[in-house]
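Take a look at the chain below. What sits inside, and which charged side chains pair up?

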Amino acid sequence: WARRVTLDGAQLLGERAAFAGLARRGPISPGGSCRLVDAIDGVVAVNLPRPEDRALVPAWLESSVGADLWETVRNAASRRSAHELAERGQLLGIPVASVPQPRQIERDEQSRARGKRFPPDPWCIGPTSCPSSSSPGLPAVGAAPAPPGRPDREGSASRDPAPGLVVDLSSMWAGPLCAHLLGLAGLAVVKVESISRPDGARGGPEGFYDLLHAGHRSVALDFASELDRSLLARLIESADVVIESSRPRALDHLGLGPELSLGLSPGLVWVSITAYGRTGPWCNRVGFGDDTAASAGLVVSGPDGRPMLCGDAIADPIAGLDAALAALGMLCSGSGGLVDVAMRDAVAWTLAGQPVRPPTAAGARRLDGSWSLDTAFGSVPVMGPRARTPAGHAAPMGVDNGVVLAGLTR
């Protein structure tokens with residue numbers, strides 16, 4: 001959008017860990033909520049970040065919980081199949097996923113329903129189907145994009161020098177990173193939060209939240225209020241890009257799903273970031289960055305040959321970066337539509353079909369406090385997390401309600 005954005009993509013993967021002081025913990029995620037657990041026939045990633053997840057463990061395992069929650073999980077999981085653990089956990093809304101070798105995901109019911117082959121495209125274009133990412137609507141890789149300009153409501157690119165408007169309904173990391181990158185590219189970003197359920201990342205490291213949200217306007221609305229929902233609908237109608245990371249049924253329940261909005265605004269680019277995609281039998285499954293990455297096969301063999309998690313919630317920054325690229329591609333081509341980004345698919349695309357876990361030898365080694373990874377090119381040192389300096393402080397929640405909503409009231 002008339003601004004060149006130059007970033008170290010690998011650095012993005014560790015920025016939250018850098019701000020939070022997190023470190024690698026083998027089969028335990030850096031944040032501590034996700035763990036790799038042995039099942040009878042494989043491994044599952046179990047993520048219990050919320051109080052409600054932990055409260056559902058007895059129902060999930062059909063047993064009482066002892067003094068050590070994770071010891072209870074390990075003992076019960078060792079008597080069940082990975083498929084059973086994932087299916088029953090997801091039925092209750094707990095982020096549990098079986099851990100395959102990367103190529104195995106093309107054979108599961110979700111990939112088959114979405115027409116995916118391995119490696120899957122990192123995004124799909126369209127509300128109900130999943131064509132290739134090189135289908136009409138995005139410029140081909142390496143092609144010169146159209147001159148930047150704000151798409152009009154008929155979907156054709158104009159030369160209006162005004163910045164495009166991004167309405168960011170997302171939370172945590174993937175969606176806000178997408179919005180942050182679009183902001184760096186020159187678009188104006190408005191972050192919208194629910195008064196009753198603000199972005200949980202506000203309670204995390206302040207520097208990390210500032211990094212992703214500095215320079216963005218902040219609006220807070222009561223989603224239970226008909227008036228506030230109507231204001232949000234009008235704000236969306238004025239947007240060039242909408243970013244959200246809700247399960248499909250959540251926004252549909254509010255009457256604010258992409259189908260209605262795209263029908264009213266054909267030039268709108270709607271970016272939906274979910275764990276497993278908006279279509280297929282897993283479309284309403286819950287997932288976070290650690291367990292979703294593991295569900296794509298992104299684990300590595302540790303010094304004892306057992307699997308370890310890679311990075312900190314690594315599916316989030318991978319999906320956020322892909323989402324930003326897709327959104328800019330749509331804007332530059334003058335096309336509106338739904339960009340369906342599945343975090344699992346984005347990670348699997350990044351792996352490009354390469355085996356992650358060596359079948360016999362250890363893949364990761366630790367010596368004198370530093371990690372290295374065995375690869376086809378020899379032993380490669382693993383870099384510690386680094387972070388950029390925030391451009392300023394994030395706006396307080398709802399501080400821009402008057403300025404942003406003034407033009408929407410009648």
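This report covers the nonpolar cores, the start of the chain and the salt bridges. Keep in mind that this is a predicted model.

## The nonpolar cores

Start inside. The largest nonpolar core has 48 residues. Some of its members touch the most other members: L182, V241, I243, V269, V271, I273 and V339.

Which elements give two or more residues to this core? There are helices: α8 (174–184), α9 (206–213), α14 (315–333) and α15 (343–351). There are strands too: β8 (241–244), β9 (269–274) and β12 (337–342). Helix α14 supplies the largest share, nine residues.

Now zoom in on L182. Set aside its neighbours within four places in sequence. L182 is then in contact with V166, L187, V241, I243, A324, A327 and L328. Two of these partners, V241 and I243, are themselves among the core residues that touch the most other members.

A second core lies apart from this one. That other core has 22 residues, including V192, L235, L256 and V404.

## The start of the chain

Next, go to the low residue numbers. V5 sits in the segment before α1. Is V5 buried, partly exposed or exposed? Its relative accessibility is 34%, so V5 counts as partly exposed; buried would need a value under 20%, and exposed a value over 50%. V5 also helps to make a nonpolar surface patch, together with L7 and L184. The patch covers about 190 Å².

Helix α1 spans residues 9–12, and Q11 lies in it. Q11 is buried, because its relative accessible area is 14% and the limit is 20%. What does Q11 touch, leaving aside its neighbours within four places in sequence? The contacts are R386, A387 and R388.

## The salt bridges

Side chains of opposite charge can pair when their charged atoms come close. In this model the count comes to 17 salt bridges. Here are three of them.

| Pair | Distance, N to O |
|---|---|
| R386 and D8 | 3.0 Å |
| E71 and R74 | 2.8 Å |
| R114 and D345 | 3.6 Å |

Take R386 and D8, whose side chains meet in a salt bridge. R386 lies in the loop between β15 (378–381) and α16 (401–405), and D8 lies in the segment before α1, so the pair ties together parts that are 378 residues apart in sequence. R386 is partly exposed, at 34% relative accessible area. D8 is partly exposed as well, at 35%. R386 also appears among the contacts of Q11.

The pair of E71 and R74 is a local one: both lie in helix α5 (residues 69–77). They are three residues apart, about one turn of the helix. E71 is partly exposed, with a relative accessible area of 33%. R74 is partly exposed too, with 36%.

Where do R114 and D345 sit in the chain? R114 is in the loop between α7 (109–113) and β4 (124–125). D345 is in helix α15. The two are 231 residues apart, so this pair links distant parts of the chain. Buried or exposed? R114 is buried, and so is D345. This pair also belongs to a network: salt bridges that share partners join R114, K116, D340 and D345.

Key: Residues numbered from 1 in each chain as written. Predicted model: local features only at pLDDT ≥ 70, side-chain atom pairs only at ≥ 80, totals over all residues. Heavy atoms only, no water. Core = buried A, V, L, I, M, F, W, Y, C linked by side-chain atoms within 4.5 Å. Buried < 20%, exposed > 50% of the residue type's maximum accessible area, 1.4 Å probe, protein only. Helix = DSSP H or I, 4+ residues; strand = E, 2+ residues; numbered from the N terminus. Contact = heavy atoms within 4.5 Å. Patch = residues over 30% accessible without salt bridge, like charges linked within 9 Å, V, L, I, M, F, W, Y side chains within 5 Å. Areas by Shrake-Rupley, 256 points an atom, 1.4 Å probe, with all protein chains shown as cover. Salt bridge = Lys/Arg side-chain N within 4 Å of Asp/Glu carboxyl O.
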